[in-house]
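Me: I'd like to learn how to read the contacts between chains in a model. Could you walk me through it?

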Amino acid sequence: MREFFRDLWRILWADKSALTGAVLIVCYVLVAIFGPLFVHLSSFGHQSAAYLTPSWHHPLGTDSLGQGIATELIVGTRPIMEVGLLAAIITTFVGVAIGLLTGYLGGWVDIVAMRIVDIALTIPGLPLIIVIAAVIHSSNPFVLAAILSVTGWAGLARAVRSQAISLRTIDFMAAARIQGLPLRNIVGRQLLPNVGPYVAIHFLLGITGAIYAEVGLFLLGVAPLSGTNWGIMINLAMSQGALYTTKSMLYLLCPMAAIVILQVAFVFFSRALDSLFNPRLRVQ
Amino acid sequence: MISYVGKRVATAVFIIFVVVSLSFFMVRLMPGNVMEFLENQLARQGDLTTQQIQQQVNAIYGVLPSAPVWRQYLEYIGHICQGNFGTSISHPGQSVAHIIANALPWTIFSVGVSLIVSFVVGIAVGTVMAAAQASRFTKFITLVVSFLSAVPNYLIAILLIYFLTDTHRLFPQGGAYEAGVPIGWNLPFLSSVVRHSVLPIASYAIVGFGGWALQMKGSAISTLGAEYVRVAEARGLGRRRIMQSYVGRNSLLPQVTLLALSLGFMFGGSVFIEQFFNYPGIGYYLISAVNSRDYSLMMGCFVLITVSVVFSNLIVDLLYPLIDPRIARPSVGRKGRPSAPREIEEQPAPVGGTMA
Amino acid sequence: MTVTSEPVLSVNDLTVAFGAGPGAIKAVEQVSLQVAPGDIYAVVGESGCGKSTLAYSMLDVIPPPGRVTSGDVQVRGRALGSMSRSELNQLRSAEVSMVFQAAMNSFNPVTTIGRQVEDLLEAHNRVFDSAASGRAYFDELLGMVRLPTERIWRSYEHQLSGGMKQRVAIAVALLLHPSILILDEPTTALDVLNQRLVLDVLRNLHASLGLSVVFVTHDLAVVAELASRVAVMYAGRLVESGTVDEIFTDERRHPYVAALISAIPSVLAEGLQVRPIAGQVPNLAELPAGCRFAPRCPLARAICREAEPPLVADRTGHAVACHVVNEKLVEGTVQ
């Protein structure tokens with residue numbers, strides 16, 4: 001385990017973009033957790049303070065209601081990351097569980113599950129998410145996360161299943177079975193470490209996917225516009241004509257930048273993980 | 001070979017069937033049973049008999065609310081098979097099928113062209129990257145592409161609109177074609193269509209080509225290292241021949257298997273892109289149906305989007321044996337089961353693609 | 001038997017290195033050998049001793065990042081290093097031809113065998129008058145390797161078994177009437193029956209076509225059966241070369257070769273005695289000073305750990321690189 005972190009550190013140090021990504025992610029997480037403690041969104045905006053240019057008081061200017069954009073960005077970090085993280089956890093958990101179970105048990109469980117996986121993989125996820133979100137008009141992060149996960153688990157399930165199947169036939173599995181090790185041990189000690197890297201990377205990319213879909217939902221107004229987050233900010237900016245004027249440019253562009261920077265950070269960081277788990281890819 | 005085709009078609013039909021059933025049950029399970037809601041609404045208008053109310057609801061949702069559920073279900077399936085998706089509430093008087101029939105070609109056009117553009121550009125860039133691995137060009141492009149693939153396509157769309165339409169008036173703001181231009185196969189119409197499609201297609205393609213480029217680079221590099229390429233060199237074959245017949249086709253094949261995945265993603269993205277560009281495709285109507293609580297239109301759009309994806313997947317699956325001879329002819333000695341394109345190598349999905 | 005006629009292929013003090021700078025690994029170091037017309041020349045050694053790299057260098061198809069850093073390979077007196085790309089392409093398969101190890105991945109998976117043969121004929125369109133005569137000769141070769149002609153032409157590589165692919169590869173390699181055929185481990189990946197078949201086929205082809213053959217192997221039994229001359233490599237260097245009789249029966253022998261031969265279990269001996277060689281092949285990145293075999297050699301002396309032994313040939317051309325063994329020769333004890 002310690003080796004893992006040492007290797008990770010070494011790779012991050014060598015690949016500066018991955019290091020930047022990791023640092024940025026940590027920053028975002030810190031802002032998400034601690035941000036709202038330090039800045040507060042005032043309940044009432046001042047119309048007169050709308051669309052101010054950046055100043056010391058409001059480093060990124062103000063929005064149409066006079067709220068500080070920087071403040072909104074900070075406060076809006078938590079809902080986005082919360083849901084993204086939850087959704088990734090759900091998809092990863094469900095995907096791994098189903099993959100392991102079907103791969104190891106086989107039989108009709110496998111056949112039925114594979115049909116379902118096929119369907120989940122073929123139905124375009126985003127329209128389905130939109131339809132369901134439109135119907136279940138909820139802003140509860142857990143519900144939202146669950147909706148976002150409706151098709152995402154399938155790819156991971158299939159990959160984990162094929163790993164489980166191949167491991168099922170490998171010699172050391174047979175050896176373990178002959179030794180009478182319980183299922184728990186086989187799964188924990190033999191299967192998981194082999195499947196681990198793939199799951200970890202899928203988890204990271206799952207967060208990015210969830211954020212993509214989530215912000216999209218807010219952008220379209222399909223998810224209720226309560227509270228504030230980056231998606232809602234862009235939505236409000238556009239509905240107030242930000243596309244046709246430059247004075248609300250910051251209001252429109254800042255949340256977009258926040259999203260892009262986070263997504264890019266994840267992608268770069270996942271490349272480090274990729275070369276960590278696959279030494280052949282390492283840039284020496 | 002027959003079993004391969006048969007299996008693919010059967011799976012496709014099955015999935016469509018599941019989706020249609022899903023749409024039926026979703027309408028009924030929605031909070032505030034929509035049909036009841038409509039019934040009450042119509043009843044409150046006061047001037048219709050129960051019979052007429054039932055017929056109205058039937059016309060809109062394709063289902064007779066008073067009949068038992070299983071009967072409703074069968075009727076619904078029957079209607080769908082005949083192409084009757086009910087009537088739209090937000091566009092009164094028009095059948096959902098009519099709206100969809102007008103919208104679908106636009107989506108297929110924009111998504112199709114985008115896919116071709118990003119595929120071709122991506123493959124070309126990827127090949128260059130593989131041929132000149134250590135060059136600065138490659139490193140630069142890799143960085144650019146990784147960056148672009150992380151940006152959500154709707155944000156690109158917004159940026160394009162913001163910078164290129166109003167403030168700089170380079171491209172039209174929205175719509176599929178200039179209002180007032182006579183529709184038909186004439187030049188003003190066609191050029192207007194093209195002009196209006198540039199930005200939407202750019203939104204898909206800018207984000208999309210990167211994935212293809214990286215995949216192609218990886219594939220080409222591993223093919224270049226394959227032994228049969230060195231053997232071809234040892235036989236004295238020319239560079240050109242080797243690149244074309246030996247490297248090209250073999251590194252291209254895995255990309256085809258990704259076409260299916262990409263299609264699903266692009267259709268999904270169309271709900272955003274069409275919304276922002278006011279592009280009257282299926283994605284646009286899906287969103288407008290969602291926003292106006294027009295459930296019959298919403299379900300119709302959803303079913304059609306899924307059918308489009310399933311259908312295109314099927315076409316790719318059926319065309320695949322034509323380019324990969326290993327599928328059609330089972331091998332000797334090993335398990336002769338031909339593996340479908342999507343069962344080969346799982347590749348990491350594009351950012352945003354694992355969910356959507 | 002020294003080589004009197006001009007060698008059809010000669011390797012002169014060849015060094016092939018992977019990587020650059022001081023850390024470069026020399027897979028082949030200062031190796032020289034000569035293949036006379038009609039020879040069946042075996043290059044023997046363990047995995048990693050550089051024999052495959054040596055074989056690739058005879059066609060100039062060393063996989064990058066390897067490259068020749070000194071010495072050269074000459075085919076009929078022309079150095080490969082001085083040829084242009086098109087000259088090399090003309091040479092490949094038409095004068096010097098190679099069958100890769102196992103031939104399992106020697107064929108393009110998405111085109112038929114026939115198509116690939118056509119590619120070959122096209123690239124060398126001056127060898128045959130017409131595609132038809134090229135095809136006819138290919139069919140003849142297929143017959144000599146005992147394969148059905150029509151079926152092979154239309155097959156894809158995944159439809160053929162390993163043994164069949166090996167023989168097809170041999171036929172393809174011989175299509176353009178090369179004077180030298182190089183084979184990398186021709187029997188290693190095959191089952192016993194196919195091994196027998198390939199050896200018979202090779203022997204017949206050598207006899208009827210008058211080829212010179214160079215084959216790389218670690219199987220001494222194949223060497224004993226097929227080869228006329230042998231070169232033994234260890235850790236990148238040539239340690240012994242001579243005729244097959246000299247290698248197997250001469251008393252003056254490199255200790256490594258002696259150990260290899262005695263390691264072959266005898267079916268006739270009582271009980272099964274396996275006598276492996278103690279120790280391991282040295283890591284090419286960390287070579288010992290002096291003789292590379294010294295750490296494992298029962299005859300090793302002080303001088304062996306200090307200086308690399310030179311290759312010294314006796315009157316008949318049998319060359320050994322060993323201080324201890326050559327000492328007797330130099331002193332005149334062994335003739």
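Reply: We'll go from one chain to its interfaces, bearing in mind that this is a predicted model.

Me: Let's start with chain A. How many helices and strands are in chain A?

Reply: Begin with the list of elements. Chain A has 11 helices and zero strands, so from the N terminus on every element reads α.

Me: And what share of chain A is buried?

Reply: Here you look at how little of each residue is accessible. Of the 284 residues in chain A, 53% are buried. Chain A still exposes about 13200 Å², with carbon and sulfur atoms supplying 68% of that area. As for contacts with a separation of 6 or more in chain A, 70% come from residues 24 or more positions apart.

Me: Now the interfaces. How many residues do chain A and chain B bring to their contact?

Reply: Count the residues on each side, then look at the area. Chain A brings 56 residues and chain B brings 57. About 4800 Å² is buried between these two chains, and carbon and sulfur atoms give 78% of it. On the chain A side, T122(A), Y212(A) and L220(A) lose the most area to chain B, together 15% of what that side buries.

Me: Which polar features turn up between chain A and chain B?

Reply: Check charged pairs and polar pairs separately. There are zero salt bridges between chain A and chain B, while three residue pairs are in polar contact, both partners at pLDDT 80 or more. Several helices supply at least two residues each to the chain A side, including α3 (69-105), α4 (107-122) and α11 (249-277). The most come from α9(A), with 13 residues. By class, that side has 37 nonpolar, 15 polar and four charged residues.

Me: What about chain B and chain C: how many residues does each give to the contact?

Reply: Same routine. Chain B gives 25 residues and chain C gives 29. The buried area is about 2500 Å², of which carbon and sulfur atoms give 54%.

Me: Which residues form the salt bridge there?

Reply: For a salt bridge, look at the distance between the N and O atoms. The rule finds one across this interface: R241(B) pairs with D119(C), with the closest N and O atoms 2.7 Å apart. Six residue pairs are in polar contact, again both at pLDDT 80 or more. On the chain B side, α9 (227-234), α10 (239-276) and α13 (325-328) each give two or more residues. α10(B) gives the most, with seven residues.

Me: And how do the chain B residues that touch chain C divide by class?

Reply: Sort them by residue type: nine are nonpolar, five polar and 11 charged.

Definitions and conventions:
Residues are numbered from 1 along each chain as its sequence is written. Chains are lettered from A and ligands numbered from 1 in the order in which they are written. This is a predicted model: local features need pLDDT of at least 70, side-chain atom pairs count only at pLDDT 80 or more; totals for chains, interfaces and linings use all residues. Side-chain values use heavy atoms; hydrogens and water are left out. Contact means heavy atoms within 4.5 Å. Buried area is the accessible area (1.4 Å probe) that two parts lose on being put together, summed over both. A salt bridge is a side-chain nitrogen of Lys or Arg within 4 Å of a carboxyl oxygen of Asp or Glu. A polar contact is a pair of N or O atoms within 3.5 Å; within protein, one must be able to donate a hydrogen and the other to accept it, and residues adjacent in sequence count only if both atoms are side-chain atoms. Helices (H or I, at least four residues) and strands (E, at least two) are DSSP runs, numbered from the N terminus. Ala, Val, Leu, Ile, Met, Phe, Trp, Tyr, Cys and Pro count as nonpolar, Asp, Glu, Lys and Arg as charged, and the others, Gly among them, as polar. Buried means under 20% relative accessible area, exposed over 50%, partly exposed in between (1.4 Å probe, protein chains only). Accessible areas come from the Shrake-Rupley method with a 1.4 Å probe; for residues, only the protein chains shown count as cover.
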